[in-house]
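Here's a quick look at the aromatic rings in this protein and at the space enclosed inside it. Have the structure open while you read.

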Amino acid sequence: MPVKKKFGEFLTESKVITDGQLKSGLQNQKKEGGTLGQALIRLGFVSEEDMNKYLSDYYGVSYVDIKQYEIDPQVLALIPEQIVRKYKVIPLDKMNNNLTIVTADLTNVFIFDELRVITGCDITSLLTSESEINSAIERYYGKKVGFEEMIKEISKEGEDIEIHKEEEKGVDASQLQVAVEGAPVVKLVNFIIMQAIDDRASDIHLEPYEKDFRLRYRIDGVLYEINPPPPKALQNPIIARIKVLSNLDIAETRLPQDGRIRVKTKTKIVDLRVSTFPTIFGEKVVMRLLDKSNLALDLKQLGFEKQELDKFDNVISQPYGMILITGPTGSGKSTTLYSVLTKLNTTRDNIVTVEDPVEYQVRGINQVQAHAEIGLTFAMGLRAILRQDPNVVMVGEIRDQETAEIAIKAALTGHLVLSTLHTNDSCGAITRLIDIGIEPFLVSSALTLIAAQRLLRRICQQCKESYAPSAKTLEDMGITPKLGEQIVFYRGTGCELCKNTGFRGRTAIYEILTLNKHLKELIVKRANTMVLLEVAKKETGLRTLRESAIIKVRDGITTVEEAIGVTMEGGL
């Protein structure tokens with residue numbers, strides 16, 4: 001609400017502080033940061049309790065004691081923990097589209113604008129003390145310890161060093177398991193995992209070298225080294241602890257192993273797919289973080305533009321046919337497939353999958369883990385699934401002729417079949433199926449939609465800035481401005497929230513190919529990829545990956561450099 005005088009003037013006129021104390025407070029605020037009220041409390045001119053009363057009167061905002069509330073975890077999940085800690089705000093309650101928050105600083109109106117964008121809600125602010133905010137953050141999110149402080153704390157413990165030495169002498173597995181469960185290593189492994197979740201990492205890499213033990217997180221598709229790294233002396237106890245958590249054989253260090261860990265936080269459940277790999281300096285561990293909350297996204301939130309979304313929705317509502325998602329490893333194919341399955345997951349349909357590995361465990365979907373070593377291949381699993389009266393079948397990947405043949409026959413006999421292929425674009429999936437031995441007339445009959453996709457990093461909303469692109473940039477992007485049109489692009493300058501990368505989060509771009517009669521005829525005639533692409537663009541309105549990326553650039557979602565780096569001119 002608008003105010004006529006500054007807070008300092010309000011305090012002096014109310015005889016709370018003198019003009020001299022106000023001057024000292026302003027100098028302290030400039031030097032140490034924070035609000036004027038916090039500066040006056042630091043200097044001892046006003047107690048925190050009295051300051052809360054004066055702030056409440058000044059802003060006309062009610063003061064609340066957070067300790068009196070038990071906040072719903074679903075409400076807490078509305079604001080990311082990083083934002084809570086950075087701006088010292090706590091979501092308190094949500095009623096319809098109004099979110100009530102508590103804060104100790106009502107002066108920064110930009111906070112409330114950002115919260116409106118993040119939550120999609122109208123924001124109502126209440127006041128509390130800074131100490132109350134800190135206590136609430138520790139209560140609901142845990143005490144925040146920096147990685148450096150954690151490493152220093154753990155490194156002081158002699159117990160872990162001794163475990164390492166004992167293992168080198170040949171301590172047996174049962175002794176090591178008991179030893180590894182000591183508090184220091186447990187704390188460090190927990191911290192590594194929780195920090196990765198907080199940082200939105202998709203993978204954790206623990207890599208042994210001759211003289212050091214490297215830790216890296218993959219965030220938004222890019223690996224970042226974490227410093228300081230865990231001490232080399234803790235390498236074996238850390239790996240052993242992870243193997244214990246994921247039910248792996250800790251005595252076996254010569255062969256690769258795979259396992260899973262489930263982590264429950266106050267707001268979500270995250271599954272970790274664990275892979276160990278023997279190297280010359282010890283076992284390398286990679287943990288893939290699978291956050292189920294991503295599957296609640298509707299397809300539009302994944303990145304679909306309206307034109308592509310309409311095509312996709314129309315096809316997945318049909319009772320049979322084959323849908324293929326194509327793209328390289330790490331392009332988000334699994335997330336798209338699972339999001340489709342989640343949308344189709346009703347009590348009326350029997351959904352069965354065969355995967356290697358099963359990434360997300362979804363209630364209501366019957367999921368089968370392929371085990372090629374015992375003969376349970378994709379093809380064998382698919383044959384068995386078709387005897388289970390399925391409505392929707394998902395095959396993790398089509399790798400060979402046998403799997404492709406069974407999947408196509410299933411699509412032609414009344415089943416909706418979803419799968420993935422490793423091809424660069426949508427039309428390439430057609431030639432790929434023909435190359436592995438599928439008759440063109442079967443391909444044209446079974447396929448209903450092919451979606452090629454890539455992931456682009458989103459510009460960080462915290463440090464986003466606009467700029468006018470050069471004529472050369474517009475030419476490279478294939479953009480011709482209209483007469484008098486001023487085109488504006490965006491980029492991130494780098495800030496604490498995005499770890500100075502300028503990016504935070506990712507979005508998908510799609511190239512959606514639907515097959516009309518002409519395209520089906522061309523497939524039967526074995527037309528090449530370029531012919532199929534040109535006809536699809538002309539007759540079905542296919543938009544290439546590059547064209548989809550340009551839309552994201554013009555909408556201020558990603559940068560020119562990201563769009564050019566991920567897609568290729570001409571469609572890929």
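## Rings and a cavity

Phe489 comes out at 0% relative accessibility, so this residue counts as buried. Keep in mind that we're looking at a predicted model here.

Phe489 isn't on its own, and it's worth seeing the wider set of rings. The structure holds eight aromatic pairs. A pair like this is described by how far apart the ring centres are and by the angle between the planes. Here are two of them side by side:

| Pair | Centre to centre | Angle between planes | Type |
|---|---|---|---|
| Phe304 and Tyr510 | 3.8 Å | 10 degrees | stacked |
| Tyr467 and Phe489 | 6.4 Å | 80 degrees | edge-to-face |

Where do Tyr467 and Phe489 lie? Tyr467 lies in strand β16 (residues 464–467) and Phe489 in strand β17 (residues 489–492), so their pair ties together parts that are 22 residues apart in sequence. Tyr467 has 16% relative accessibility, and since anything under 20% is called buried, Tyr467 counts as buried too.

There are charges around here as well. Arg491 lies over the face of Tyr467, at 4.0 Å from the ring centre. Lys464, meanwhile, lies over the face of Tyr490, at 4.8 Å from the ring centre.

Now for the other pair in the table. Phe304 and Tyr510 are both buried. With their planes at 10 degrees, they fall under the 30 degree limit, so the pair is stacked. Phe304 lies in the loop between α14 (299–302) and α15 (306–316), while Tyr510 belongs to strand β18, so this contact ties together parts that are 206 residues apart in sequence.

Elsewhere, Phe7, Phe10, Tyr58 and Tyr59 come together as one aromatic cluster.

Phe304 and Tyr510 turn up again when you look at enclosed space. How many cavities of 30 Å³ or more are there? The count comes to one, and the largest cavity holds about 40 Å³ of space. Its lining is made up of Gly303, Phe304, Glu305, Glu308, Ala508, Ile509, Tyr510, Ser548 and Lys552. Two elements, β18 (503–514) and α24 (545–554), give two or more residues to that lining. Strand β18 has the largest share, with three residues. Sorted by class, the lining has four nonpolar, two polar and three charged residues.

So if you want a spot to zoom in on, try Phe304 and Tyr510: these two rings are stacked, and both residues are among those lining the largest cavity.

Conventions: Residues numbered from 1 in each chain as written. Predicted model: local features only at pLDDT ≥ 70, side-chain atom pairs only at ≥ 80, totals over all residues. Heavy atoms only, no water. 1 Å grid on protein atoms, 1.4 Å probe; cavity = no way out; pocket = protein on both sides within 12 Å on 5 of 7 lines; lining within 4 Å. Points joined across faces, edges and corners; volume = space filled by probe spheres on them. Helix = DSSP H or I, 4+ residues; strand = E, 2+ residues; numbered from the N terminus. Nonpolar A, V, L, I, M, F, W, Y, C, P; charged D, E, K, R; others polar. Phe/Tyr/Trp six-rings, centres within 6.5 Å; stacked < 30°, edge-to-face > 60°. Buried < 20%, exposed > 50% of the residue type's maximum accessible area, 1.4 Å probe, protein only. Lys NZ or Arg CZ within 6 Å of the ring centre and 35° of its normal.
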